[in-house]
Amino acid sequence: MQKTFIKYIFVIMTVAISLILLIHLVITFRSLTNQQLNSFWAKTDQVIHTLENNQRELALMNENLDEDYLTRARAAEYVLNGQQDTSMDVGQMQYLAKLLNVDEVHVIDENGFIVCSSVSQYIGIDMDDHEQTRAFLALLDSREEEPYLIQDAMPNAAENKVMKYVGVGRKGMKGIVQVGFEPIRQLELESRNTYEYIFSKFPTDVGEELFVVDRETGAVLGHSDGMEGEFGKEHYRPDILLGSLDGRFIREDNGSIIYVAGREYGDVLIGAALPGEILLQRLLKNALTTLVYLLLVEIAVILLLYYLVRRKVIDGIHQIIESLSAITEGNLDTAVTVGGNREFEQLSEGINTMVKSIVSISNRISAIIDISGIPLGAFEYKSGQGHVFVTSGVKGLLGIQEDQAALYRDSELFDRYIRKITRKAIEEEKDVFEVNTSKYVRIHMSETQEGYLGVITDVTGDILEKRRMQYENTHDPLTGLYQYNHFKQLAGDVLRGMPDRQMCAVVMLDLDSFKSINDTFGHNAGDRYLQTFSAVMKSMPKEHFLCARRSGDEFCMMVFGCREKSEITGFLDLFYEKLRASRVRMDDKEYKAISASGGFAWTRDPEESIYELLSHADEALYEVKRETKGHYTEYGCM
């Protein structure tokens with residue numbers, strides 16, 4: 001009987017293993033292709049990410065260098081402004097170029113000729129003779145107060161040498177001061193933004209290719225193995241790549257099979273290819289390993305079955321399984337009583353002892369947690385089963401009321417309650433959730449084969465402290481307004497995200513005669529004066545105003561969400577009307593009206609620098625303070 005049983009078991013398991021191996025081959029093949037496709041996508045994502053990072057880095061560097069170059073050009077104009085009647089010789093110009101840390105300095109007269117230069121052979125060049133130099137002549141007729149031109153790096157007219165030139169109009173006389181730079185850093189960064197350079201930094205697997213193809217011409221623009229090879233194979237064609245966005249196998253003209261994946265990116269296609277034979281080798285290796293494991297499992301199972309049948313333990317095992325099932329479902333009062341031989345009796349006794357120990361340990365843990373006062377709780381449950389194991393602290397941590405005791409008896413109800421809480425996640429905090437407006441908990445929850453296990457800790461104090469610190473780091477303690485640095489960040493975000501056909505304005509404010517208030521009435525009265533002025537700022541519509549304290553008696557606002565300038569001035573008129581209606585108690589007998597001067601600058605361009613707007617508003621403010629006080633004016637209208 002035992003031999004017949006084992007014989008049938010052997011046949012059944014052999015057939016089962018064969019089917020499993022066949023299914024495993026199919027699944028593994030699909031898994032390998034999916035893994036390869038994901039690998040291709042991950043690598044192309046890295047290529048695209050590197051390209052975009054390099055482009056952003058180049059744009060940022062160009063912007064910073066342009067500002068620096070313009071500053072040096074204006075410094076050169078300032079130095080040369082005192083040389084209106086006397087020309088500087090080449091040596092002096094070279095000394096000036098060295099002093100300003102530029103490569104070239106040129107002075108262009110009102111007729112468009114270079115009359116002074118740090119490069120002797122450039123003297124006498126007519127700027128109108130070449131397209132590269134002709135662009136600067138527009139500065140001679142510009143009506144701007146401080147005209148300038150920043151030219152992109154290009155070959156210059158005189159020597160065909162790649163240079164970057166910046167020109168500014170001269171003050172006090174008609175002419176141009178021009179400085180030149182060798183754009184070494186820009187050219188170096190541009191060289192790092194090529195496909196050839198990027199591919200050289202990306203490792204590829206054996207036989208794997210990464211390449212970029214022009215989707216219109218089909219030309220290969222870059223390859224992970226360099227550009228010395230031949231690119232006439234099928235998988236380099238744009239139509240093949242466009243048909244392989246989700247990966248596919250193709251047959252080359254020479255009969256070889258290639259797995260290809262394409263990726264669209266702008267005007268190019270990023271492709272990846274791997275010979276099919278490499279995937280086949282991986283499949284066979286995986287299949288062989290699986291076969292060995294399955295054979296080992298088959299042998300182990302047959303031996304185990306033989307032992308169990310020989311010992312006639314099937315009935316005893318069934319009894320134990322039934323008892324264990326009851327225990328697993330949460331009925332810890334179940335006692336395992338399987339007799340018939342010594343081993344079963346010992347097993348039954350061991351299981352019963354283990355269950356009692358688990359119950360005792362859980363009770364002790366709950367008692368220890370309660371005694372320690374640590375806000376900690378734990379729970380465990382299985383889907384579809386009634387009982388839920390919880391420590392005593394869970395009730396308070398999760399805000400479970402007395403009338404919700406059914407949650408502990410129904411795992412589905414408890415699971416819904418937990419899911420409801422975990423939907424209220426706190427941003428920038430891992431596994432932290434809001435129970436109610438005054439309680440926050442961290443829930444570490446994991447899913448196992450047996451069910452769900454979770455640990456809960458109270459982090460209310462940490463969350464409230466973080467929020468308090470964040471508020472203190474971004475708000476002025478006296479007035480409650482934004483601090484100036486945080487205001488610039490918020491205002492910059494508003495400006496960059498400004499919708500089409502809208503405009504915004506930056507307003508700089510300064511309290512009139514504030515020092516005399518402090519000197520006459522004391523700092524307490526001065527603080528009340530500042531706080532009352534801040535309260536007026538806070539009363540303005542929050543959907544249109546950002547308000548901040550700059551320093552001392554200086555404040556700033558941003559007015560946004562407007563379509564016409566009249567809306568901005570209307571808001572400012574309303575603000576000043578509220579100011580005139582506000583009075584501050586100086587002492588027991590005297591009240592004083594608030595007087596403030598302001599200047600504003602507006603824009604419709606979301607690309608404009610917030611720092612330039614602030615600077616313009618500051619200039620308008622100083623003009624008001626210099627002439628009259630107690631009102632506001634617009635930049636450029638003084």
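**Exercise 1. How many bridges join β19 to strand β20, and do the strands run parallel or antiparallel?**

Solution. Keep in mind that you're looking at a predicted model.
- Step 1: Find strand β19 at residues 545–551 and strand β20 at residues 554–562.
- Step 2: Count the bridges joining β19 to β20: there are 6, and the two strands run antiparallel.
- Step 3: Check one pair. F545 has V559 in β20 as its bridge partner.
- Step 4: Look at the turn. β19 and β20 make a hairpin with 2 residues between them, and G552 in that turn has a positive phi of about 55°.

A bit of background: strands of a sheet pair through backbone hydrogen bonds, either parallel or antiparallel.

**Exercise 2. Work out which strands stand at the edges of the sheet that holds β19, and why one side of each has no neighbour there.**

Solution.
- Step 1: Write down the strand order. The open sheet has 6 strands, in the order β17-β19-β20-β18-β23-β24, and its pairing is mixed.
- Step 2: Go to the ends of that list. β17 and β24 (632–634) each have a single partner strand, so one side of each is left without a neighbour in the sheet.
- Step 3: See what packs on the sheet. Helix α15 (residues 523–538) does, touching β18 (503–511), β19, β20 and β23 (596–603). The direction of α15 makes about 5° with that of β20.
- Step 4: Return to β17 (residues 482–483). This strand is joined to β19 by 2 bridges, and the two run parallel. Here Y482 stands opposite A548 in β19.
- Step 5: Ask how covered β19 is. Of its 7 residues, 5 are buried, so you can call the strand mostly covered.

**Exercise 3. Decide whether F40 and T28 are buried or exposed, then list what they touch.**

Solution.
- Step 1: Place them. F40 is in helix α1 (residues 2–80), and T28 is found in α1 too.
- Step 2: Use the cut-off: buried means under 20% relative accessible area. F40 has 2%, so F40 is buried. T28 has 7%, so T28 is buried too.
- Step 3: Leave out residues up to four places away in sequence. F40 then touches E208, Y259, A261, A272, A273 and L274. Do likewise for T28, and you get contacts with L283 and N286.
- Step 4: Take one F40 pair and compare sequence with space. F40 and A261 are 221 residues apart in sequence, yet their C-alpha atoms are 7.1 Å apart.

**Exercise 4. Find which residues are closest to the centre of the largest pocket.**

Solution.
- Step 1: Start with the volume of the largest pocket, about 1,200 Å³.
- Step 2: Turn to its lining of 28 residues. The closest to the centre are E67, Y148, S609, E612 and H616.
- Step 3: Name the elements giving two or more residues to that lining: α1, β3 (148–150), α13 (484–496) and α17 (610–627).

**Exercise 5. Describe the whole protein chain in numbers: what share of its residues is buried?**

Solution.
- Step 1: Count elements: the chain has 17 helices and 24 strands.
- Step 2: Look at burial. Of the 638 residues, 40% are buried.
- Step 3: Finish with the surface. Its accessible area is about 36,600 Å², and 53% of that belongs to carbon and sulfur atoms.

Methods:
Residues are numbered from 1 along each chain as its sequence is written. This is a predicted model: local features need pLDDT of at least 70, side-chain atom pairs count only at pLDDT 80 or more; totals for chains, interfaces and linings use all residues. Side-chain values use heavy atoms; hydrogens and water are left out. Buried means under 20% relative accessible area, exposed over 50%, partly exposed in between (1.4 Å probe, protein chains only). Helices (H or I, at least four residues) and strands (E, at least two) are DSSP runs, numbered from the N terminus. Two strands pair if DSSP finds at least two bridges between them. Contact means heavy atoms within 4.5 Å. Accessible areas come from the Shrake-Rupley method with a 1.4 Å probe; for residues, only the protein chains shown count as cover. Axes are lines fitted to C-alpha atoms, for helices over the stretch in contact, and angles run from 0 to 180 degrees between N-to-C directions. On a 1 Å grid over the protein atoms alone, a cavity is a set of points where a 1.4 Å probe fits but cannot get out, and a pocket is an open set with protein on both sides within 12 Å along at least five of seven lines; lining residues have an atom within 4 Å of a point. Grid points are joined across faces, edges and corners, and a volume is the space filled by probe spheres set on the points.
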